[in-house]
Amino acid sequence: MTATDPVRTRTSIVRVVGASLVGTTVEWYDFFLYGVAASVVFGDLFFPKGEQLTGTLLSFATFAVGFFARPIGGVVFGHFGDRLGRKQLLVLSLLMMGLATFAIGLLPTYAQVGALAPVLLTVLRLVQGFALGGEWGGAVLIVSEHGDPARRGFWASWPQAGAPAGQLIANGVLAGLAAFQSDADFNRWGWRIPFLLSAVLVLVGLWVRLRIEESPVFKQAQAKQEPADKMPLLEVLTRYPREVLTAMGARMAENVSYYIFTIVIATYAKEHLGMGKSFALNAVLIGAAVHFFAIPLWGALSDRIGRRPVYLIGAIGVGVWGFLFIRLVDTKNFALAALAVTVGLVLHGAMYGPQASFFTELFGTRVRYSGVSVGYQLASIIAGGLAPFIAVALLKAYDSGYAIAVYVAVCAVISIVAVTSYSETHRRDLTTL
């Protein structure tokens, strides 16, 4: 090894991490933008009949549709990602997401075209979900398979930080528009601006992603292995069923708590507490900023003490914090609400930070893209996809936020069982799997 090799290696991983982070930020911006808009404006614009909370429920139903498309995207992108490589599929997923989000910004409302409006919205949400289903697996793999194994948790956690970065930008743009526009102007045309801005972000993301190299672990495996006699998905389901279930169980607390702390809070504050749009949006802005930095710190800690201990801190933490979260938000005090969101997201980061490396270490190279995508995205249906809908339904049925806290606690128990039932993975060599 020459004296310049360490520098070249570091430059390479930093570039790959930067490309993954920019891409995931754009993807999550697009995906979360829909969720925030669903909680504050889509119910009125696309589902205007009936009481307001019912319209919000219907709006969240289309939000969930995106999650049902994610496993399909995970299977399709995973199949070709395991055959063709990570990079090409990452470029395609980003392009699909950007086009769908831009198109949402051009949609006519229910008042303009009637029932066609929610149909078109649902179709575009399906495209978003399909694209995101292929995005996550490729983004975390291309980083995990490039970096130093001893720091895999740290490097692989940076694409995860794209989620709060995307949330930060989405909420920031919407909060800024809500602050400087009247409700009438925001509902009439202001909400479209963040969706149309997606085009600029996607062009930046594509430029960065096209400049990185393919995963060296994938290229090494591709050069050595014989062609697989099964589809990657079938090999995952036959050889790695326990790993798929572990990933799904681990995601329950992580996925549900995230959408409660960042999406449902907007509906809860608006419909249950009678607060304005900016109350929840600004609280999430503060929490997302802290969350962005907390994720890689938790990822780095998982390199030292293991994935399981760090993950369990997060799962146990959100299970308990859900009750304090509701209590603090119920005060209608902005500082306390911001504290509630921030602590909740820091605890969430203890799961989300090591999750990328943890899931990567569960599967062999020849089916890794399919494995992480299927395990991650199947859980998205029953966890994050249904979380806003279930939470709002519980609020409507019990007229209390503590019913939502119980829901989070139950999901935390599932994740605790899933993580404790599997062995530690942080010492595994990806090239031998």
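Biologist: How are two packed helices described, and at what angle do helix α12 and helix α18 pack?

Modeller: Two packed helices are described by the angle between their axes and by the distance between those axes. In this predicted model, helix α12 (residues 241-272) packs with helix α18 (residues 402-420) at an angle of about 160°, and the axes are 6 Å apart. Angles over 145 degrees count as roughly antiparallel, so α12 is roughly antiparallel to α18. The crossing of α12 and α18 is left-handed.

Biologist: Which residues make the contact between α12 and α18?

Modeller: On the α12 side, they are T246, G249, A250, R251, M252, A253, E254, V256, S257, I260, V264 and Y268. On the α18 side, I404, Y407, V408, C411, A412, I414, S415, A418 and V419 take part. Sorted by class, the contact of α12 with α18 has 15 nonpolar residues, four polar ones and two charged ones.

Biologist: Let me pick one of those residues. Is A253 buried or exposed, and which residues is A253 in contact with beyond its sequence neighbours?

Modeller: A253 is found in helix α12. Its relative accessibility is 1%, so A253 counts as buried. If you leave aside the neighbours within four places in sequence, A253 is in contact with V318, M351, C411, A412 and S415. You can also compare sequence and space here: A253 and S421 are 168 residues apart in sequence, and 16 Å apart C-alpha to C-alpha.

Biologist: And A387: in which helix is it found, and what does A387 touch?

Modeller: A387 is found in helix α17. With 0% relative accessibility, A387 counts as buried. Not counting residues up to four places away in sequence, A387 touches V256, Y259, I260, V264 and Y407. Among these, V256, I260, V264 and Y407 also belong to the contact of α12 with α18. For a view across the chain, A387 and P71 are 316 residues apart in sequence, while their C-alpha atoms are 17 Å apart in space.

Biologist: Now a second helix pair. At roughly what angle do α7 and α9 cross?

Modeller: Helix α7 (residues 162-180) and helix α9 (residues 192-209) cross at roughly 140°, and their axes come within 9 Å. That angle makes α7 and α9 oblique to each other. The crossing of α7 and α9 is right-handed.

Biologist: Which residues of α7 and α9 meet?

Modeller: V173, L174 and L177 of α7 meet I193, P194 and L197 of α9. By class, the contact of α7 with α9 has six nonpolar residues, no polar ones and no charged ones.

Biologist: Let's turn to the rings. How is a pair of aromatic rings described, and how many aromatic pairs does the structure hold?

Modeller: A pair of aromatic rings is described by the distance of the centres and the angle of the planes. The structure holds 15 aromatic pairs. One of them is formed by F261 and F325, at 4.8 Å centre to centre with 50° between the planes, a tilted arrangement. This pair links distant parts of the chain, with F261 in helix α12 and F325 in helix α14 (residues 307-329), 64 residues apart. Both F261 and F325 are buried.

Biologist: What is the geometry of the aromatic pair of F358 and F359?

Modeller: The pair of F358 and F359 is tilted, with 5.6 Å centre to centre and 55° between the planes. F358 has a relative accessible area of 2%, so F358 is buried. F359 also counts as buried, because its relative accessibility is 0%. Ring pairs link F358 and F359 with W136, Y311 and Y376 into a cluster.

Biologist: One last feature, the backbone. What sign of phi do most residues other than glycine have, and where does K332 lie?

Modeller: Most residues other than glycine have a negative phi. K332 has a positive phi of about 65° although it is not a glycine. K332 lies in the loop between α14 and α15 (334-360). At 44% relative accessibility, K332 counts as partly exposed.

Biologist: And what is the phi of D399?

Modeller: D399 has a positive phi of about 50°, and D399 is not a glycine either. Look for D399 in the loop between α17 (387-398) and α18. With a relative accessible area of 55%, D399 is exposed.

Methods
Residues are numbered from 1 along each chain as its sequence is written. This is a predicted model: local features need pLDDT of at least 70, side-chain atom pairs count only at pLDDT 80 or more; totals for chains, interfaces and linings use all residues. Side-chain values use heavy atoms; hydrogens and water are left out. Axes are lines fitted to C-alpha atoms, for helices over the stretch in contact, and angles run from 0 to 180 degrees between N-to-C directions. Helices (H or I, at least four residues) and strands (E, at least two) are DSSP runs, numbered from the N terminus. Angles under 35 degrees count as roughly parallel, over 145 as roughly antiparallel, 65 to 115 as roughly perpendicular and the rest as oblique. A crossing is left-handed if the near helix is turned anticlockwise from the far one by less than a right angle, and right-handed if clockwise. Contact means heavy atoms within 4.5 Å. Ala, Val, Leu, Ile, Met, Phe, Trp, Tyr, Cys and Pro count as nonpolar, Asp, Glu, Lys and Arg as charged, and the others, Gly among them, as polar. Rings of Phe, Tyr and Trp (its six-membered ring) pair if their centres lie within 6.5 Å; planes under 30 degrees apart count as stacked, over 60 as edge-to-face and the rest as tilted. Buried means under 20% relative accessible area, exposed over 50%, partly exposed in between (1.4 Å probe, protein chains only).
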